[in-house]
Amino acid sequence: MTEQEKANRLLRDAQTVAISGHVNPDGDSYASVLGLGLVLSEAGKTVDMLAEEQISHFSYLPAFAALRPVDEKRNYDLFIRVDLGDTTRLGRAQIALANSRHSINFDHHLTNDGRCDYAILDPKASSTCEIIAAFLLENGWTISADAATAFYAGITTDSNRFLYDTSGARTHRLAARLLDCGADAKRVYFHEYQNENPKRIAFEGAVVEQALSLHDGRVMLANITQELIAKYGLAMPEAEGVVDTLRNLQGVEVAVILKEQKQDVQKVSFRSKEKVNVAKIAESFGGGGHTKAAGATIEGENKDVFPLLRSVLEGLDRP
Ligand SMILES: [Mn+2]
């Protein structure tokens, strides 16, 4: 039996299932939990779709209201981790993993410490949603319209609207199959791209204006402090995606954003356009990710981490 077949048998046999993505969830993480959760509950299983944080931007996703925090007293036949390479990024869901008899790992990150019974990993996939949806279709599961909408949303957001290199013919074919299943693409596009908060656009402008230009503008570094985000009446999760705006600028190869999560915790997001592998830079800060999109969490105060990050970026060899 292949790894896929064994994992599928585990999925078929499990009666109680917990699914969790990563802390600071993005569209792919939420949608992987929700899409898979819907398919399994519609197949008659008892499923806990776990998430400690509920970011309202994603509340348009089907079954979003069903997301719940970890209940330490609950045990499961199967725990499924989705969209994370580093186990610590499960956060409190590590308790549910410990309370489960079996585990499966679905992921597309370049590095994965996958401590599970079975791991379905594909760093060439656009998104974890792509891996899960392909797996389910291949193994004869029924994907409802709601589940298809969730998967379509995860693929769309993680591939930057089918623009990244990992979004090839295979991704488009799968997306077409999800549309056949009834995926509501319009709903995804409306909530993700036609529902902008004007304050956020003004904030993006401020970030672009204050960004530090390194290597003749090929590297841009911006610092988002709590003070800056508060000035625009926004909260830190709403700064998600600003790094893409910075990377999309003319002449920029690498965009880096430092975000002050808490006084002593800083989050860094890295993006590249063509040739720089930003996962390597993220790894040097204890993080990871993909060639063109990566991140790290650094302990320390903003005023100390910023110059450190700046000097690492200044030291890049011909970016
Ligand atoms: Mn992802």
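# Notebook: helix packing and buried residues

**Entry: helix 2 and helix 4**
I began with this pair and found that helix 2 and helix 4 run roughly parallel to each other. The model is a predicted one, so I keep that in mind throughout. The angle behind the label is about 20°, and the two axes lie 8 Å apart. My cut-off for roughly parallel is under 35 degrees, and therefore the pair qualifies. I also looked up the handedness, and the crossing of helix 2 with helix 4 is left-handed.

Which residues make the contact between helix 2 and helix 4? On the helix 2 side I listed Asp-28, Ala-31, Ser-32, Leu-36 and Val-39. Helix 4 brings Thr-128, Cys-129, Ile-132 and Leu-136 to the contact. Sorted by class, this contact of helix 2 with helix 4 holds 6 nonpolar, 2 polar and 1 charged residues.

**Entry: helix 4 and helix 5**
Next I followed helix 4 (residues 128-138) to its packing with helix 5. Here the angle is about 140° and the axes are 8 Å apart. From helix 4 I noted Cys-129, Glu-130, Ile-132, Ala-133 and Leu-136, which meet Ala-150, Phe-151, Gly-154 and Ile-155 of helix 5. The class count for helix 4 against helix 5 is 7 nonpolar, 1 polar and 1 charged.

**Entry: helix 5 and helix 6**
I then took helix 5 (residues 145-158) with helix 6 (residues 169-180), whose axes come within 9 Å and cross at roughly 155°. Why do I call helix 5 roughly antiparallel to helix 6? Because that crossing angle makes helix 5 roughly antiparallel to helix 6, the label applying over 145 degrees. The crossing of helix 5 and helix 6 is left-handed.

Helix 5 takes part through Ala-148, Phe-151, Tyr-152 and Ile-155. Helix 6 answers with Thr-171, Leu-174, Ala-175, Leu-178 and Leu-179. I found no charged residue in the contact of helix 5 with helix 6, which has 8 nonpolar and 1 polar.

**Entry: Phe-151**
Phe-151 turned up in my lists for helix 5 against helix 4 and for helix 5 against helix 6, so I checked its burial: Phe-151 counts as buried, at 0% relative accessibility. Setting aside neighbours within four places in sequence, I found Phe-151 in contact with Ala-31, Ser-32, Gly-35, Leu-36, Val-39, Cys-129, Ile-132, Ala-133, Leu-136, Ile-143 and Leu-178. For a longer reach I looked at Arg-187: it is 36 residues from Phe-151 along the chain, and their C-alpha atoms are 13 Å apart.

**Entry: the nonpolar cores**
I wanted to see where Phe-151 sits in the wider packing. The largest nonpolar core has 54 residues, and those with the most contacts inside it are Ile-80, Phe-106, Leu-136, Ile-143 and Phe-151. Helix 2 (residues 27-42) gives the largest share of this core, 8 residues. There is also a second, separate core of 22 residues, which includes Val-254, Val-256, Ala-294 and Leu-309.

I looked up Ile-80 too. Beyond its neighbours within four places in sequence, Ile-80 is in contact with Leu-11, Val-17, Ala-18, Ile-19, Ser-20, Leu-36, Leu-40, Ile-104 and Phe-106.

**Entry: Phe-306 and Glu-209**
Phe-306 belongs to helix 12 (residues 302-314). Is Phe-306 buried or exposed? It counts as buried, because its relative accessibility is 19% and the cut-off is under 20%. Outside four places in sequence, the contacts of Phe-306 are Leu-212, Leu-221, Ala-222, Asn-223 and Leu-258. The C-alpha atoms of Phe-306 and Leu-258 are 7.2 Å apart, with their positions 48 residues apart along the chain.

Glu-209, in helix 8 (residues 198-210), is exposed at 73% relative accessible area. I paired Glu-209 with Ala-222, 13 residues away in sequence, and got 9.1 Å from C-alpha to C-alpha.

**Entry: two positive phi values**
Last, I looked at backbone angles. Ala-63 is not a glycine, yet its phi is positive, about 70°. Ala-63 is in the loop between strand 2 (46-50) and strand 3 (76-82), and it is partly exposed at 27% relative accessible area.

Asp-83 has a phi near 65°, again positive in a residue other than glycine. I placed Asp-83 in the loop between strand 3 and helix 3 (93-98). Asp-83 is buried, with 1% relative accessible area.

Definitions and conventions. Residues numbered from 1 in each chain as written. Predicted model: local features only at pLDDT ≥ 70, side-chain atom pairs only at ≥ 80, totals over all residues. Heavy atoms only, no water. Core = buried A, V, L, I, M, F, W, Y, C linked by side-chain atoms within 4.5 Å. Buried < 20%, exposed > 50% of the residue type's maximum accessible area, 1.4 Å probe, protein only. Helix = DSSP H or I, 4+ residues; strand = E, 2+ residues; numbered from the N terminus. Contact = heavy atoms within 4.5 Å. Axes fitted to C-alpha atoms, helices over the stretch in contact; angles between N-to-C directions. Parallel < 35°, antiparallel > 145°, perpendicular 65-115°, else oblique. Left-handed = near helix turned anticlockwise from the far one by under 90°. Nonpolar A, V, L, I, M, F, W, Y, C, P; charged D, E, K, R; others polar.
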